[in-house]
Amino acid sequence: MSDIQFFRENGYVIIKNYFTSEEASKIVEFADEIEKWDEAIGKWMIFFEKNKKKSRIEHYIYYHQKLHDFIATKVYPIVDTISEKKNF
């Protein structure tokens with residue numbers, strides 16, 4: 001079964017080893033950088049647990065150019081291919 005067919009039938013697909021070890025390290029580096037950001041009203045949103053620990057950050061992609069470029073060149077093309085749509 002192709003990845004596209006599997007996605008159509010199940011709504012998800014697993015692509016093993018899609019990122020190189022260097023790319024995976026870059027993703028971790030980007031996440032570490034973003035995690036250190038302070039809140040910025042009108043930009044990214046930071047959510048906290050009851051103990052004040054950050055639980056997630058949203059809407060950051062447009063404010064981290066290196067991550068944005070990486071996603072645009074490495075992730076969006078495969079998502080577009082599998083979903084047969086232009087997502088971004």
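The following exercises, each with a worked solution, concern a predicted model.

**Exercise 1. The salt bridges**

Determine how many salt bridges the structure holds, and describe the partners of each.

Solution.

Step 1. The count comes to 3 salt bridges. Side chains of opposite charge can pair when their charged atoms come close. The cut-off applied here is a side-chain nitrogen of Lys or Arg within 4 Å of a carboxyl oxygen of Asp or Glu.

Step 2. Lys74 pairs with Glu23, with an N to O distance of 3.4 Å. Because Lys74 belongs to helix H3 and Glu23 to helix H2 (residues 21-35), this salt bridge ties together parts that are 51 residues apart in sequence. Both Lys74 and Glu23 are buried.

Step 3. Glu29 pairs with Lys26, at 3.6 Å from N to O. These two residues are 3 residues apart in helix H2, a separation of about one helical turn. Glu29 is partly exposed, at a relative accessible area of 33%, and Lys26 is likewise partly exposed, at 37%.

Step 4. Arg56 pairs with Glu58, and their closest N and O atoms are 2.7 Å apart. Arg56 has a relative accessible area of 42% and is partly exposed. Glu58, with 27%, is also partly exposed.

**Exercise 2. Aromatic pairs and charges over rings**

Classify the ring pair of Tyr18 and Phe19 as stacked, tilted or edge-to-face, and identify which residues lie over the faces of Tyr18 and Phe47.

Solution.

Step 1. The structure holds 6 aromatic pairs. In the pair of Tyr18 and Phe19, the ring centres are 5.3 Å apart and the planes stand at 70°. Planes over 60 degrees apart count as edge-to-face, so the pair of Tyr18 and Phe19 is edge-to-face.

Step 2. Accessibility can be assigned to both partners. Tyr18 is partly exposed, with a relative accessible area of 25%, and Phe19 is partly exposed as well, at 34%.

Step 3. Tyr18 and Phe19 also belong to a cluster, in which ring pairs link them with Phe30 and Phe70.

Step 4. Over the face of Tyr18 lies Lys74, at 4.5 Å from the ring centre. Lys74 is thus placed over this ring and also joined to Glu23 by a salt bridge.

Step 5. Over the face of Phe47 lies Arg56, at 3.9 Å from the ring centre. Arg56 is also the residue that forms a salt bridge with Glu58.

**Exercise 3. The largest pocket**

State what volume the largest pocket has, which residues line it, and how the lining divides into nonpolar, polar and charged residues.

Solution.

Step 1. Rolling a probe the size of a water molecule over the atoms shows where empty space is left. In the largest pocket, this space is about 180 Å³.

Step 2. The lining consists of Phe7, Val13, Ile14, Ile15, Tyr18, Phe19, Val75, Ile78, Val79, Ile82 and Ser83. Tyr18 and Phe19, members of this lining, are the edge-to-face pair treated in Exercise 2.

Step 3. Helix H3 (residues 65-83) supplies the largest share of the lining, 5 residues.

Step 4. By residue class, the lining holds 10 nonpolar residues, 1 polar residue and no charged residue.

**Exercise 4. Positive phi values in loops**

For Asn17 and Lys52, give the value of phi, then locate each residue.

Solution.

Step 1. Asn17 has a phi near 55°, a positive value in a residue other than glycine. Asn17 sits in the loop between helix H1 (3-10) and H2, and with 75% relative accessibility Asn17 is exposed.

Step 2. Lys52 has a phi near 75°, again positive in a residue other than glycine. The loop between strand S1 (45-48) and strand S2 (54-58) contains Lys52. Its relative accessible area of 68% makes Lys52 exposed.

**Exercise 5. Two C-alpha distances**

Find what distance separates the C-alpha atoms of Lys66 and Ile27, and of Ile46 and Asp80.

Solution.

Step 1. Lys66 lies in helix H3 and is exposed, with a relative accessible area of 58%. Lys66 and Ile27 are 39 residues apart along the chain, and their C-alpha atoms are separated by 9.9 Å.

Step 2. Ile46 is part of strand S1 and counts as buried, at 9% relative accessibility. Ile46 and Asp80 are 34 residues apart along the chain, with 28 Å between their C-alpha atoms.

Definitions and conventions
Residues are numbered from 1 along each chain as its sequence is written. This is a predicted model: local features need pLDDT of at least 70, side-chain atom pairs count only at pLDDT 80 or more; totals for chains, interfaces and linings use all residues. Side-chain values use heavy atoms; hydrogens and water are left out. Rings of Phe, Tyr and Trp (its six-membered ring) pair if their centres lie within 6.5 Å; planes under 30 degrees apart count as stacked, over 60 as edge-to-face and the rest as tilted. Buried means under 20% relative accessible area, exposed over 50%, partly exposed in between (1.4 Å probe, protein chains only). A charge sits over a ring if NZ of Lys or CZ of Arg is within 6 Å of the ring centre and within 35 degrees of the ring normal. On a 1 Å grid over the protein atoms alone, a cavity is a set of points where a 1.4 Å probe fits but cannot get out, and a pocket is an open set with protein on both sides within 12 Å along at least five of seven lines; lining residues have an atom within 4 Å of a point. Grid points are joined across faces, edges and corners, and a volume is the space filled by probe spheres set on the points. Helices (H or I, at least four residues) and strands (E, at least two) are DSSP runs, numbered from the N terminus. Ala, Val, Leu, Ile, Met, Phe, Trp, Tyr, Cys and Pro count as nonpolar, Asp, Glu, Lys and Arg as charged, and the others, Gly among them, as polar.
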